[in-house]
Amino acid sequence: CCLLHTHDLVVVPLSADIISTVEFNYSGELLATGDKGGRVVIFQREQESKNRPHSRGEYNVYSTFQSHEPEFDYLKSLEIEEKINKIRWLPQQNAAHSLLSTNDKTIKLWKISQRDKRAEGYNLKDEDGRLRDPFRITSLRVPVLLPMDRMVEASPRRIFANAHTYHINSISVNSDHETYLSADDLRVNLWHLEITDRSFNIVDIKPANMEELTEVITAAECHPHQCNVFVYSSSKGTIRLCDMRAAALCDRQSKFFEEPEDPSSRSFFSEIISSISDVKFSHSGRYMMTRDYLSVKVWDLNMENRPVETYQVHEYLRSKLCSLYENDCIFDKFECCWNGADSAIMTGSYNNFFRMFDRNTRRDITLEASRENSKPRAILKARKVSTGGKRKKDEISVDSLDFNKKILHTAWHPKENVIAVAATNNLYIFQDKIN
Amino acid sequence: MRKRGSRPIYMPVRRRREKANMYSKGTKRKFSDGVDNKAVAASYSLQRQSLLDMSLLKLQLCHMLAEPNLCRSVLIANTVRQIQEEMAHDGSWQVVTEALGGSGHGPSDRLVDTEVLCQSSEQQDGGPRLYSVMGYDGCREEEVVTDKALCSVVVGDRAPALLLGTIGHCWDRGELRVEDGVSKDSGTGEEEGTKSGEGAKMATGQVFGTFEIKNGAPGSDPALEELFSDVDASYYDLDTMLTGMQSAPKMGPYDFLDSLASSHGSVSNSSCRADLNELDHIMEIIVGS
């Protein structure tokens, strides 16, 4: 499959709010986005039809709802942001769809169901719903189902609250489809989807004396197949794999992944740029990928001492770390994702650039998500950042990069070459049209 | 005791051509004896100092936000620690400690020595001591020009002013206890160097103290006690008891007590009971009975 030529740009300008998470569901039919205003917008892929051949697989808005509201913690005198940090879909079990969405403190399970038929011809009710006088009913009729305008309803089915003192950074649904984990800066909790008043604490790295704190949890994920295995990453660039069968509290890891530091490139910023912002298992469950500030690393779960592959995302920033520290960009948390076949990985960068790496051919490409440079159905042009003195035509120099335009959230369709890229408050969906 | 202003001829400095990439590549220093050593060293110290200042500024500012990002705070604090450790290792810290008549402790011992920090009762001034974030190289004559500039920028204007502002802000909010016992004597160059190290250490140590409520020992300073006599500590106990979790105080810039008290977080039984009575009282008020 040729992932390097993408067509079919669909730009959906959302409201003024910044998109904070993007996630396809298991089939890829639905795409959910969460934003800083606590809203969730779900897109649905249109079915192919002969009437509209060009609209093959376009994503249109399916449902919009307010998932989280700003809250005020009166005891601590602190406002709790309504920003959606993560959305994770649950596997579909019936006609309705379910997802988990979380802000800093509270996780909610939402059920999204649609109605596109209504019953008409009730015996005991009028068309407008008023009860009919039973004595006036002289004949029986069978109600019929008539099509109606599709109505999509989202309702909160569970609210999982008060289990996190620190800010939730990850949620992950377990392969048993019954439990899920949530992680904040210092703890990881395990929940049962049906039980909201209790959760099990499975990792706790909070030191007895908070002044001794030097490391926090940055991301956590359940293994895609082994329901007893999960990983969590840290701000020191380490990943710990834990087995829940080993102990109730998984403070001691089963595996510890860390790449030894390269002493020649050590600087005051080494630790900060080694901090892992995202960790994702491959679909096969054999590998996992981590994103730190400058690179993406693929790890074989059987090898702890170094990654099997390392991809440089924007190495040209290494000489700018001091400025990036000053303007806080060095703390940006980029996410990363696999394609369905685990043959390619994608992650974002600055200037609305995002990068894709083909693991087999070792080719990589830089693309830009911007309206000026893309028209619908146009092929995306590869971009290049010039690092040396000479800047070629069409190249952009490092100093001209816009560090306010950062692509932190991207998602890849689980089966096809369709990607969703969030650029601040715009969502871009790219598809690869194979002739 | 090393004469003030003298320095060894051979001093670990960065090679000149790596100077430009101090932040990108390793800050490994090479043992070399070129004539540029002093200039390079000064430039490197300056850059390192400015990084330290920037980091401390960030730590202060993040305390003013609603709820600081813990990951970011931890990373910045670790950076500050790293800079401190390097400053200790390259000998600039040692001059300071020797000047203080150090009892033979190594430079790194001074970093963790909280004895000085605990001398809160011997505070001279009524107001808060300033944490001067001055370079440790301040005592060297050769670099006097550079460091004077540094002093005038840093000590006079920036960090201490901010610290003052922070401290004042902290008091306005009726924070539990604010003590900033630093070294007792008024500042000579060496002492300010000490203070800066400790200030930085306190900054890093206290960053996370604010994320926790500590029921520390009562303050030993009667003046401060009087100041805070109307601040009800049991408010926070209420939270702990109700939620069973430890909660964070609102924007307390520095929970000074954390780093000052030698024992942390242990609450005596009697104070618990007293707190429980207060708790009942508060509950009555809350439920409006």
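# Exercises on a predicted two-chain model

Among the contacts in chain A that join residues at least 6 apart in sequence, 53% are between residues at least 24 apart. The model is predicted, and the exercises below work through chain A and then chain B.

## Exercise 1: The make-up of chain A

Determine how many helices and strands chain A has, what share of its residues is buried, and what share of its exposed area carbon and sulfur atoms supply.

Solution. Begin with the secondary structure, where chain A shows two helices and 32 strands. Turn next to burial: of the 435 residues in chain A, 54% are buried. Finish with the surface, since chain A exposes about 20,200 Å², and carbon and sulfur atoms supply 48% of that area.

## Exercise 2: An aromatic pair

Classify the aromatic pair formed by A:Phe160 and A:Trp191, and locate each of the two residues in chain A.

Solution. The structure as a whole holds 16 aromatic pairs over all chains. In the one formed by A:Phe160 and A:Trp191, the ring centres are 5.2 Å apart and the planes meet at 70 degrees. Because planes over 60 degrees apart count as edge-to-face, the pair is edge-to-face. As for location, A:Phe160 belongs to strand 11 (residues 144-160) of chain A and A:Trp191 to strand 14 (residues 187-192), so that the pair links parts of the chain 31 residues apart. Both partners are buried, A:Phe160 at 0% relative accessibility and A:Trp191 with a relative accessible area of 2%. Elsewhere in chain A, A:Tyr293, A:Phe334, A:Tyr350 and A:Phe403 form one aromatic cluster.

## Exercise 3: A:Asn189 and its surroundings

Decide whether A:Asn189 is buried or exposed, and find the side chain with which its own side chain makes a polar contact.

Solution. A:Asn189 is found in strand 14 of chain A. Its relative accessibility is 3%, and it therefore counts as buried, the cut-off being under 20%. The polar contact of its side chain is with the side chain of A:His164, at 3.4 Å. Leaving aside residues up to four places away in sequence, A:Asn189 also touches several others, including A:Ala163, A:Tyr180, A:Leu181 and A:Phe200.

## Exercise 4: Strand 18 and the loop that follows

Compare the burial of A:Arg240 with that of A:Leu249, and name a residue that each approaches in space.

Solution. A:Arg240 lies in strand 18 (residues 239-243) of chain A, and at 15% relative accessibility it counts as buried. A:Leu249 is placed in the loop between strand 18 and strand 19 (255-257), and its 39% relative accessibility makes it partly exposed. In space, A:Arg240 is 7.3 Å from A:Ser254, C-alpha to C-alpha, while the two are 14 residues apart in sequence. For A:Leu249 and A:Asp204, the C-alpha distance is 7.8 Å, with their positions 45 residues apart in sequence. The side chain of A:Arg240 also makes a polar contact of 3.0 Å with the side chain of A:Thr238. Not counting residues up to four places away in sequence, A:Leu249 touches A:Asn201, A:Ile202, A:Val203 and A:Asp204.

## Exercise 5: A cysteine without a disulfide

Explain why A:Cys242 forms no bond with A:Cys250.

Solution. A disulfide is a covalent bond between the sulfur atoms of two cysteines. The cut-off for counting one is a pair of sulfur atoms within 2.5 Å. The cysteine sulfur closest to that of A:Cys242 is in A:Cys250, and because it is 5.2 Å away, it is too far for a bond. A:Cys242 is buried, at 0% relative accessibility. A search of the whole structure agrees, with zero disulfides over all chains.

## Exercise 6: Chain B and its second helix

Describe the elements of chain B, and then examine the span, the burial and the start of helix 2.

Solution. Chain B has eleven helices and zero strands, and 51% of its 289 residues are buried. Among its contacts between residues at least 6 apart in sequence, 79% join residues at least 24 apart. Helix 2 of chain B covers residues 70-89, and the distance from its first C-alpha to its last is 28 Å, close to the 28 Å expected for 20 residues. Helix 2 is mostly covered, as 18 of its 20 residues are buried. At its start, a side-chain oxygen of B:Asn69 comes to within 3.1 Å of the backbone nitrogen of B:Cys71.

Methods
Residues numbered from 1 in each chain as written. Chains lettered and ligands numbered in written order. Predicted model: local features only at pLDDT ≥ 70, side-chain atom pairs only at ≥ 80, totals over all residues. Heavy atoms only, no water. Helix = DSSP H or I, 4+ residues; strand = E, 2+ residues; numbered from the N terminus. Expected span 1.5 Å × (residues − 1). Buried < 20%, exposed > 50% of the residue type's maximum accessible area, 1.4 Å probe, protein only. Polar contact = N/O pair within 3.5 Å; in protein donor to acceptor, adjacent residues only side chain to side chain. Contact = heavy atoms within 4.5 Å. Areas by Shrake-Rupley, 256 points an atom, 1.4 Å probe, with all protein chains shown as cover. Phe/Tyr/Trp six-rings, centres within 6.5 Å; stacked < 30°, edge-to-face > 60°.
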